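Student: I would like a close look at one part of this structure, taken slowly. Please start with the surroundings of a ligand and then set them in the wider chain.

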Amino acid sequence: MKLGKLCAAAGLACPSGEDQAVTGFAIDHRKVAPGTVFGAFQGTQVNGEDYIAPAIAAGAIAVVARAEAVVEGAAHIAVAQPRQTFAQLAAGFFTPVPEHIVAVTGTNGKTSTAEMTRQIWRMAGERAASIGTLGVTTPDESVSTGLTTPDIVTFLSNMSGLAREGVTHVAYEASSHGLSQYRNEGVPVQAAAFTNFSRDHLDYHTDMEDYFTAKMRLFGEVVSDGATAVVWLGETDSDWNRRAADHARQRGLTLLTVGEQGEDIRLTSRKPTQLGQTLTVEHAGQQRQITLPLIGAYQVANALTAAGLALATGTDASLVWDAVARLQPVRGRLERAVIAPSGAPVYIDYAHTPDALEAAIAALRPHVSGRLITVFGAGGDRDHGKRAPMGAAAAGASDLVIVTDDNPRGEDPEEIRRQVLEGAAGASEVGDRRAAIRTAIAEAGRDDIVLVAGKGHEVGQIIGSGENMQVLPFDDVEVARECAAAIARGAA
Ligand SMILES: CC(=O)N[C@H]1[C@@H](OP(=O)(O)OP(=O)(O)OC[C@H]2O[C@@H](n3ccc(=O)[nH]c3=O)[C@H](O)[C@@H]2O)O[C@H](CO)[C@@H](O)[C@@H]1O[C@H](C)C(=O)N[C@@H](C)C(=O)N[C@H](CCC(=O)O)C(=O)O
Ligand SMILES: Nc1ncnc2c1ncn2[C@@H]1O[C@H](COP(=O)(O)OP(=O)(O)OP(=O)(O)O)[C@@H](O)[C@H]1O
Ligand SMILES: N[C@H](CCC[C@H](N)C(=O)O)C(=O)O
Ligand SMILES: [Mg+2]
């Protein structure tokens with residue numbers, strides 16, 4: 001494809017080299033091959049503009065960068081917002097893309113909602129995929145990308161790769177980092193959902209308003225004109241969710257509200273049963289009773305939001321509601337790893353914010369007659385301010401709390417635990433995560449439940465950063481099973 005044609009498709013004037021053939025796109029100079037368009041971005045660690053000369057030496061034919069950047073020997077596509085322009089240009093190259101694309105944002109519930117949307121489509125007979133924290137999940141396989149929102153080149157090449165494999169429906173997870181760095185756009189988005197909003201990532205965003213503004217780019221700029229915005233409006237009023245709905249209205253999107261206070265999919269009752277919950281839902285003038293085979297109010301929110309997304313892409317309503325009743329658990333989200341020798345079930349959950357810990361504990365509470373024992377920690381090199389509130393959320397709602405390590409990265413694990421413990425009155429501390437899980441399982445009696453939170457589907461403990469970073473194999477589900485087996489054998 002010619003550079004001039006790609007520029008024209010993105011509505012840009014091509015400064016030079018119109019007839020040159022573009023062979024690919026890269027944002028890292030080490031991935032540049034002859035014929036590549038290079039995006040030079042100012043990052044959090046380094047300035048990509050410093051790599052323009054080596055990128056050109058490696059064969060870049062055009063560079064998207066600020067006007068101030070020095071570009072010699074290649075076309076300089078000079079713009080104020082290089083990340084956005086690069087995404088628009090690359091979108092013309094990575095085609096075609098699946099016909100039905102939806103996105104999910106919010107502090108918690110993005111992965112679950114995207115994955116459930118994929119499941120609903122699949123059960124309705126569509127070839128569907130999802131892109132998010134769990135990686136790229138297609139009808140045939142699941143491949144990890146390492147980030148929730150991959151970089152823009154990986155994102156767009158995945159989209160066009162999926163279309164070539166015959167995938168017609170994709171749900172992707174739009175993290176606030178991804179949205180503010182223009183890592184997930186350039187494709188027509190037919191519908192987008194907003195799940196909820198609470199504290200996270202204030203190491204990256206200056207405050208909650210800044211974090212919210214990043215998320216609202218989804219409704220404001222990323223979705224197509226005339227798209228549908230699916231907004232969760234739960235039992236307890238959230239100003240953030242109301243504001244998200246207002247943003248959607250202001251943009252002229254079709255608003256589909258879901259939840260106890262939702263108008264389009266209204267949840268009128270929810271009764272926990274032993275293996276799931278019975279829901280009464282009103283949609284399109286009909287009342288339906290649905291048996292959701294998952295526990296936890298939070299999974300109801302995600303399942304109904306996913307139903308809203310599927311409906312917005314034209315999936316038949318009766319197929320959608322039948323599928324909701326057959327949803328499979330999402331890996332690492334209230335996943336029951338094992339039943340301890342005492343009879344206590346051990347659940348693994350990805351809760352890593354104060355709000356998520358509260359939601360996960362509330363999900364298990366109706367199922368405990370004894371004590372709820374929570375094991376968790378907070379990630380290193382991430383928002384410090386959420387640590388004490390996480391401690392408070394866990395201590396406030398559990399009967400016993402063990403604070404442990406969760407990806408200390410470049411920080412001193414003891415100091416992270418200390419910050420968590422500041423909010424967790426009465427909690428105990430066991431730094432080694434395996435020992436903490438073993439202690440909790442050994443302590444649990446027949447009527448108790450153990451919740452191990454923070455890592456969910458993750459399979460490694462990240463220790464150190466930069467060149468000293470190590471990922472030690474660690475899977476909460478496996479470790480819980482091993483500890484339960486060791487306790488059963490009477491091993492110390
Ligand atoms: C803070 C953050 O979001 N960083 C991400 C961001 O990096 P950045 O733009 O700041 O990049 P940088 O390292 O400063 O480099 C600047 C530019 O120079 C380029 N470069 C750099 C070095 C070099 O030798 N040559 C070169 O060309 C880089 O490719 C980059 O374009 O863009 C990179 C490429 O897309 C990401 O890999 C990187 O993720 C880092 C590893 C990360 O840990 N991100 C986490 C915080 C994250 O993004 N998490 C979110 C949300 C989590 C959630 O679900 O809640 C996610 O979406 O995964
Ligand atoms: N709708 C919800 N409301 C509140 N908490 C939730 C909700 N959905 C999920 N959670 C909690 O958040 C955790 C993470 O869920 P999930 O992975 O779906 O969210 P996410 O938004 O993708 O997270 P991340 O930002 O890390 O990618 C769950 O394990 C659960 O504890
Ligand atoms: N996507 C989230 C994952 C956090 C999971 C937790 N295990 C941690 O390492 O903090 C983040 O990067 O903040
Ligand atoms: Mg996620």
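Tutor: A residue is taken as near a molecule if its C-beta atom, placed from the backbone, lies within 6 Å of that molecule. The model is a predicted one, and the part to look at closely is the shell around ligand 1. There are 22 residues around ligand 1, of which G43, Q45, G48, D151 and S175 come nearest. By residue class, this shell divides into 6 nonpolar, 12 polar and 4 charged residues.

To place the shell in the chain, it helps to have the domains in mind: the protein chain is divided into domain 1 (3-82), domain 2 (100-324) and domain 3 (335-489). Ligand 1 lies between domain 1 and domain 2, because both of these domains give residues to the shell around it. For comparison with the record, an unreviewed UniProt entry lists "domain: Mur ligase central" for residues 104-310; this span is 35% helix and 26% strand, and its end C-alpha atoms lie 12 Å apart.

D151, one of the residues that come nearest to ligand 1, brings us to helix α5, which covers residues 152-164. The helix has 13 residues and reaches 18 Å from its first C-alpha to its last, close to the 18 Å expected at 1.5 Å a residue. Its buried residues are I152, V153, F155, L156, N158, M159, L162 and A163, and what covers them includes the helix α3 (82-93) together with the strands β1 (24-26), β6 (128-132), β7 (135-137) and β9 (169-173). As a general point, an α-helix has 3.6 residues a turn, so residues three or four places apart point the same way. After α5 comes G166, whose phi is positive, near 90 degrees.

Ligand 3 offers a second shell to set beside that of ligand 1. It is surrounded by T148, H352, G379, R382, D406, N407, G454, K455 and E458, and this shell divides into no nonpolar, 5 polar and 4 charged residues.

Finally, for domain 2 and domain 3, the centres, taken over C-alpha atoms, are separated by 27 Å, while 14 residues of domain 2 are in contact with 16 residues of domain 3. On the side of domain 2 that touches domain 3, the residues divide into 6 nonpolar, 5 polar and 3 charged. The UniProt annotation "domain: Mur ligase C-terminal", from an unreviewed entry, covers residues 332-456, a span that is 34% helix and 21% strand and whose end C-alpha atoms are 4 Å apart.

How values were computed. Residues are numbered from 1 along each chain as its sequence is written. Chains are lettered from A and ligands numbered from 1 in the order in which they are written. This is a predicted model: local features need pLDDT of at least 70, side-chain atom pairs count only at pLDDT 80 or more; totals for chains, interfaces and linings use all residues. Helices (H or I, at least four residues) and strands (E, at least two) are DSSP runs, numbered from the N terminus. The expected span of a helix is 1.5 Å times one less than its number of residues. A residue is buried if 20 or more other C-beta atoms lie within 10 Å of its own, exposed if 12 or fewer, and partly exposed in between; C-beta atoms are placed from the backbone. Two residues are in contact if their C-beta atoms, placed from the backbone, lie within 7 Å. Ala, Val, Leu, Ile, Met, Phe, Trp, Tyr, Cys and Pro count as nonpolar, Asp, Glu, Lys and Arg as charged, and the others, Gly among them, as polar. UniProt positions are given in the numbering used here, feature names are shortened, and annotations may be inferred rather than shown by experiment. Domain bounds come from an automatic or database domain assignment.
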